[in-house]
Amino acid sequence: MLWRLLRIGSAPYFVLGSSPAGPLRLRIATPWDWRQEFRLLEFDVVAEAAGQPRVAWAALIREHHTGAERGIRGHVEIRWSHGRFAGPPEAKVYLDTPHGEVPGYIPLC
């Protein structure tokens, strides 16, 4: 489940962008790469009280080589469409942890 929140697909790909804080250049690890480097220790999902349904998620990851533990946080907002466009609910997944701190998001020089 966590892997699907953090990735678009199983092939390697790159995320490139810019902001006032500077450029963003990341290589997103493949599932095989991720399993070689990291281990999922915990994955928690909690419903949050909000105006629209919101679910928070958090994970704790251990790096194999250093033994260091890192946390990742995010949330999902569930939205219903109303009126003429009423249809099935939609969900928006947000990553609250800065991209450069996510295990498997490898910064490029």
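What follows walks through the confidence, strand pairing, core, salt bridges and surface of a predicted model.

Being a prediction, the model is read with some filters: local features need pLDDT of at least 70, side-chain atom pairs count only at pLDDT 80 or more, and totals for chains, interfaces and linings use all residues. Residues are numbered from 1 along each chain as its sequence is written, and side-chain values use heavy atoms, with hydrogens and water left out.

Start with confidence, or pLDDT, which the predictor gives each residue on a scale from 0 to 100. The chain averages 90, and 98% of its residues reach 70 or more. Helix α1 (residues 2-6) sits lowest, at a mean of 83, while strand β4 (residues 54-63) comes out highest, at 96. Helices (H or I, at least four residues) and strands (E, at least two) are DSSP runs, numbered from the N terminus.

Strand β4 is also a good way into the sheet pairing, where two strands pair if DSSP finds at least two bridges between them. β4 runs antiparallel to strand β5 (residues 69-79), and 9 bridges join them. The two make a hairpin with 5 residues in between, and glycine 67 in the turn has a positive phi of about 80 degrees. On its other pairing, β5 meets strand β6 (residues 90-95), again antiparallel, over 6 bridges. Valine 76 of β5 ties this together: valine 55 stands opposite it, and in β6 its bridge partner is valine 93.

Next comes the inside. A nonpolar core here is a set of buried Ala, Val, Leu, Ile, Met, Phe, Trp, Tyr and Cys residues joined through side-chain atoms within 4.5 Å. Buried means under 20% relative accessible area, exposed over 50%, and partly exposed in between (1.4 Å probe, protein chains only). The largest such core has 16 residues, of which Leu2, Leu6, Trp57, Ile61, Ile72 and Tyr105 touch the most other members. Two or more residues each come from α1, β2 (22-28), β4 and β5. Helix α1 gives the largest share, 4 residues.

Now for the charged side chains. Side chains of opposite charge can pair when their charged atoms come close. Counting a salt bridge as a side-chain nitrogen of Lys or Arg within 4 Å of a carboxyl oxygen of Asp or Glu, the total is 6. One of them joins arginine 54 to glutamate 48, with the closest N and O atoms 2.5 Å apart. Arginine 54 counts as partly exposed because its relative accessibility is 26%, and glutamate 48 is likewise partly exposed at 33%. These two belong to a salt-bridge network that also takes in Glu77 and Arg79.

Two further bridges involve residues 62, 63, 69 and 70. Arginine 62 meets glutamate 69 at 2.6 Å, N to O; arginine 62 is partly exposed at 30%, as is glutamate 69 at 43%. Glutamate 63 bridges to arginine 70, with the closest N and O atoms 2.6 Å apart. Here glutamate 63 is buried, because its relative accessible area is 17%, whereas arginine 70 is partly exposed at 26%.

Finally, the surface. Phe14, Leu16 and Leu108 make a nonpolar patch of about 320 Å². Leucine 108 lies in the segment after β7 (105-107) and counts as partly exposed, because its relative accessibility is 35%. Patches are made of residues with over 30% relative accessible area and no salt bridge; like charges are joined within 9 Å, and nonpolar side chains (Val, Leu, Ile, Met, Phe, Trp, Tyr) within 5 Å. Accessible areas come from the Shrake-Rupley method with a 1.4 Å probe, and for residues only the protein chains shown count as cover.
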